[in-house]
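Morning, everyone. Let me put the structure up, and then we'll go through some side-chain contacts.

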Amino acid sequence: MPNALAQETSPYLLQHAHNPVDWQPWSEGAFEQAEKEDKLVFLSIGYSTCHWCHVMERESFENEAIAAVMNANFICVKVDREERPDIDATYMAFVQATTGQGGWPMSVWLTPEGKPVVGGTYFPPEDRYGRAGFPKLCGEIGRLWKVDRPRMLDSAAKIMAHLRQESESDAVVTGLPGEKVFGDFLDRCEAMFDPSLGGWGGAPKFPRPVVPRLLLQLADRFRGSDEAEAALQMTSRTLRAMAAGGMHDQLGGGFHRYSVDRYWHVPHYEKMLYDQAQLALLYLESWQAGGDDRDRETAEDIFRYVLDELRDPSGAFHAAEDADSLATADAQEKLEGAYWTWESAEIYRLLDPRSAAIFCAAYGVEEGGNARPESDPHEELVGRNTLYQALGYDSLAEQFDLPEAEIRSILREAGLILLEARKLRPPPHRDDKLITAWNGLMIAALARGARVLGRADLLAAARDALEFIRSELWDGEKLWRSFRGKRGDAPGFAADHAFLIAGLIEMHGADGEPAWLEWAGEIQAALDREHWDDSRAGYMMRTALGGETLLSIREDYDGAEPAANHVAAENLLKLALLLDEPAYGKRAEAILRAGARAAEAQPFAVPVLLGALDLLRRGVVKIEVRGEPSPDLGEALRRAWIPRSVWTCSAGDGDVIVCEGQVCLPRIKDLETWLRTFP
């Protein structure tokens with residue numbers, strides 16, 4: 001019989017609807033039941049494309065005996081972290097503070113008041129990997145709740161008090177960060193940079209697009225200097241390596257989540273919408289800054305994947321594709337990478353011998369598989385190959401004694417044949433919920449792509465997604481977090497507002513429609529009304545239970561997703577100019593002052609905040625394109641890298657007007673000359 005999750009819309013919760021565990025969604029009622037039955041709450045947080053969430057479900061939550069232990073001792077609650085990032089952030093703070101690490105699935109035992117007493121991540125079904133077996137842990141925690149409750153309650157109260165104190169201490173408002181933070185950021189990047197393989201640090205390697213995007217912005221700030229050259233070289237080396245590696249889907253386009261090794265070769269195979277959005281924008285900006293057409297091609301490759309695979313019939317975009325899938329239709333167990341990887345023999349079956357040999361040489365295919373043992377500890381990739389660009393066209397032409405043009409043609413045709421064959425495999429799970437924040441990021445990338453690539457299809461896709469959000473997730477006063485068949489219950493968080501506003505600003509730059517800016521102003525007003533805290537000078541994420549706020553968090557880390565406060569600071573500086581509203585600029589400055597301590601102590605953690613600081617220091621410029629410029633000027637505008645600009649367009653005779661503050665420059669006809677003298 002299904003449990004209470006069968007009535008939910010979240011793909012993650014629905015995955016657990018037929019577990020023998022008596023799961024409930026997060027609700028006041030679940031905690032009231034815990035109080036009534038005198039039990040702890042077991043809270044499990046994850047998301048539908050999480051590999052280790054699948055493992056723990058298979059090992060423990062589908063096990064009748066383990067489920068019986070859970071049901072006897074706890075009220076069991078499931079949360080989709082993508083629907084409720086507030087709950088996730090609250091209890092992740094606890095897990096990280098008490099264990100020194102975090103991740104998903106997150107497993108936390110709570111009092112009926114929602115206070116955490118024990119926490120961790122994945123637990124195996126028996127003692128393994130240096131971790132206690134899950135059923136043993138459940139039994140012991142249930143026993144302690146009965147025999148040692150005062151100590152557990154005292155511990156929970158102390159931990160919550162500590163977390164609240166830590167959260168509040170982050171809100172000290174000082175002066176603006178000094179100019180030194182930019183140099184400190186560059187120094188940190190250079191110290192961590194992998195000069196041979198690109199990226200920062202060792203395995204695992206994450207793309208973290210916010211870092212190279214700031215490097216590009218600082219290359220403009222320090223134009224002509226050694227610092228600028230270093231920033232461009234680090235960015236170019238990293239982007240080349242990522243695009244050539246197995247983290248980049250060489251057949252279908254788009255990027256997987258991260259590389260498990262330092263070579264960008266074997267990835268964790270899930271694909272996330274927020275990665276595609278940020279990486280598309282990064283590659284576009286790198287193309288503008290450096291002029292390498294490979295960056296433009298990679299950006300367009302990402303757009304192709306997103307439009308072909310992640311676009312919902314409604315016009316918005318799905319959240320993610322899973323890493324795990326069945327290797328064959330009759331397989332009993334899903335494997336990570338099964339959909340994305342290849343056996344050498346399969347390639348030779350599908351292609352003629354010469355094409356197969358060229359393809360295998362080009363993409364590093366080996367008869368025994370190409371995953372290093374340390375990259376495949378669970379041996380799911382034995383005999384299988386993750387495609388990566390092992391040889392360039394010139395080397396292949398020499399090796400096979402063929403013209404480069406013929407090599408390109410053979411690889412193009414082979415890729416199409418293999419892609420069609422791949423589509424016949426059992427597909428990975430698709431998380432098809434529509435998240436406002438991630439759609440906002442994708443809309444920004446599409447709109448930028450439409451403007452700089454001159455592509456009407458990207459503009460239409462961005463417009464369709466915005467129209468869906470406006471009709472289904474915005475009621476004129478309030479924004480909502482997600483949609484799947486119907487609007488979800490969770491209201492929009494600060495990130496949903498900030499990322500959507502960023503998309504609206506880019507959309508206005510692409511088509512000049514005043515309505516996008518008007519809506520951005522309305523969303524900004526809702527963000528201020530719902531989430532601003534004067535005493536913390538920032539936008540807060542709060543989790544409430546029983547009328548009490550459990551924790552109030554001011555997110556200030558630019559990780560896989562940028563921090564909402566930092567994106568908001570950039571938005572406010574741009575809206576101050578676009579809407580002629582100085583109060584927006586003052587609010588952005590308040591956010592920057594509150595983040596000064598983090599910027600000066602750990603600049604590598606807050607690149608988007610530093611980008612906003614650069615906008616404040618140098619000033620935002622508005623570039624207005626009036627009518628259709630001449631072909632040469634239009635091409636120059638599309639390729640121009642001006643990171644502190646906002647764009648708009650209107651009717652006219654093809655002139656370009658540049659405004660900074662209250663001063664507008666004369667009409668610009670020769671963009672190249674102007675850019676050379678532009679501060």
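I'll take salt bridges, then aromatic rings, then a charged patch.

One reminder before we begin: this is a predicted model.

Salt bridges, then. How many does a search of the whole structure find? The count is 57. I'll pick three of them.

Start in helix H6, residues 134-147. Glu-140 and Arg-143 both sit there, three residues apart, which is about one turn of the helix. Their side chains meet in a salt bridge, at 2.7 Å from N to O. Is Glu-140 buried or partly exposed? Its relative accessibility is 34%, so Glu-140 counts as partly exposed. Arg-143 has a relative accessible area of 40%, so Arg-143 is partly exposed as well.

Now a pair that reaches across the chain. The side chains of Arg-422 and Asp-249 form a salt bridge, 2.9 Å from N to O. Where do the two partners lie? Arg-422 is in helix H16, residues 404-422. Asp-249 is in the loop between H10 and strand E6, and E6 is 258-259. That puts the partners 173 residues apart, so this pair links distant parts of the chain. And are they buried or exposed? Arg-422 has a relative accessible area of 5%, so it is buried. Asp-249 is at 6% relative accessibility, so it counts as buried too. The cut-off for buried is under 20%.

Third pair: Asp-293 and Arg-296, in helix H12, residues 293-310. Again the spacing is three residues, about one turn of the helix. Here the N to O distance in the salt bridge is 3.9 Å. Asp-293 is partly exposed, with a relative accessible area of 35%. Arg-296, at 22% relative accessibility, also counts as partly exposed. For Arg-296, keep in mind that buried means under 20%.

This pair belongs to a network. Which residues do salt bridges link with Asp-293 and Arg-296? They are Glu-300, Arg-455, Asp-457, Glu-635, Arg-638 and Arg-639.

On to the rings. Searching the whole structure gives 23 aromatic pairs. Take Trp-23 and Phe-61 as one case. Their ring centres are 5.0 Å apart. Their planes stand at 90°, so the pair is edge-to-face. Trp-23 lies in strand E1, residues 23-25, and Phe-61 in helix H3, residues 51-61. So the pair ties together parts that are 38 residues apart in sequence. Both Trp-23 and Phe-61 are buried.

Compare that with Phe-193 and Trp-200. Their ring centres are 5.7 Å apart and their planes meet at 55°, so this pair is tilted. Phe-193 and Trp-200 are both buried.

Back to Trp-23 and Phe-61 for a moment. Ring pairs link them into a cluster with Phe-42, Phe-74, Trp-109, Phe-123 and Phe-134.

Last stop, the surface. Which residues gather in a patch of negative charge there? Asp-187, Glu-190, Asp-226, Glu-227 and Glu-229. Two elements give two or more residues to the patch: helix H8, 180-192, and helix H10, 226-244. H10 gives the most, with three residues. Glu-190 is in helix H8. Its relative accessibility is 46%, so Glu-190 counts as partly exposed.

That's my tour. Over to you.

Key
Residues are numbered from 1 along each chain as its sequence is written. This is a predicted model: local features need pLDDT of at least 70, side-chain atom pairs count only at pLDDT 80 or more; totals for chains, interfaces and linings use all residues. Side-chain values use heavy atoms; hydrogens and water are left out. Patches are made of residues with over 30% relative accessible area and no salt bridge: like charges are joined within 9 Å, nonpolar side chains (Val, Leu, Ile, Met, Phe, Trp, Tyr) within 5 Å. Accessible areas come from the Shrake-Rupley method with a 1.4 Å probe; for residues, only the protein chains shown count as cover. A salt bridge is a side-chain nitrogen of Lys or Arg within 4 Å of a carboxyl oxygen of Asp or Glu. Lys and Arg count as positive and Asp and Glu as negative; His and the chain ends are not counted. The place of a charge is taken as NZ of Lys, CZ of Arg, CG of Asp or CD of Glu. Helices (H or I, at least four residues) and strands (E, at least two) are DSSP runs, numbered from the N terminus. Buried means under 20% relative accessible area, exposed over 50%, partly exposed in between (1.4 Å probe, protein chains only). Rings of Phe, Tyr and Trp (its six-membered ring) pair if their centres lie within 6.5 Å; planes under 30 degrees apart count as stacked, over 60 as edge-to-face and the rest as tilted.
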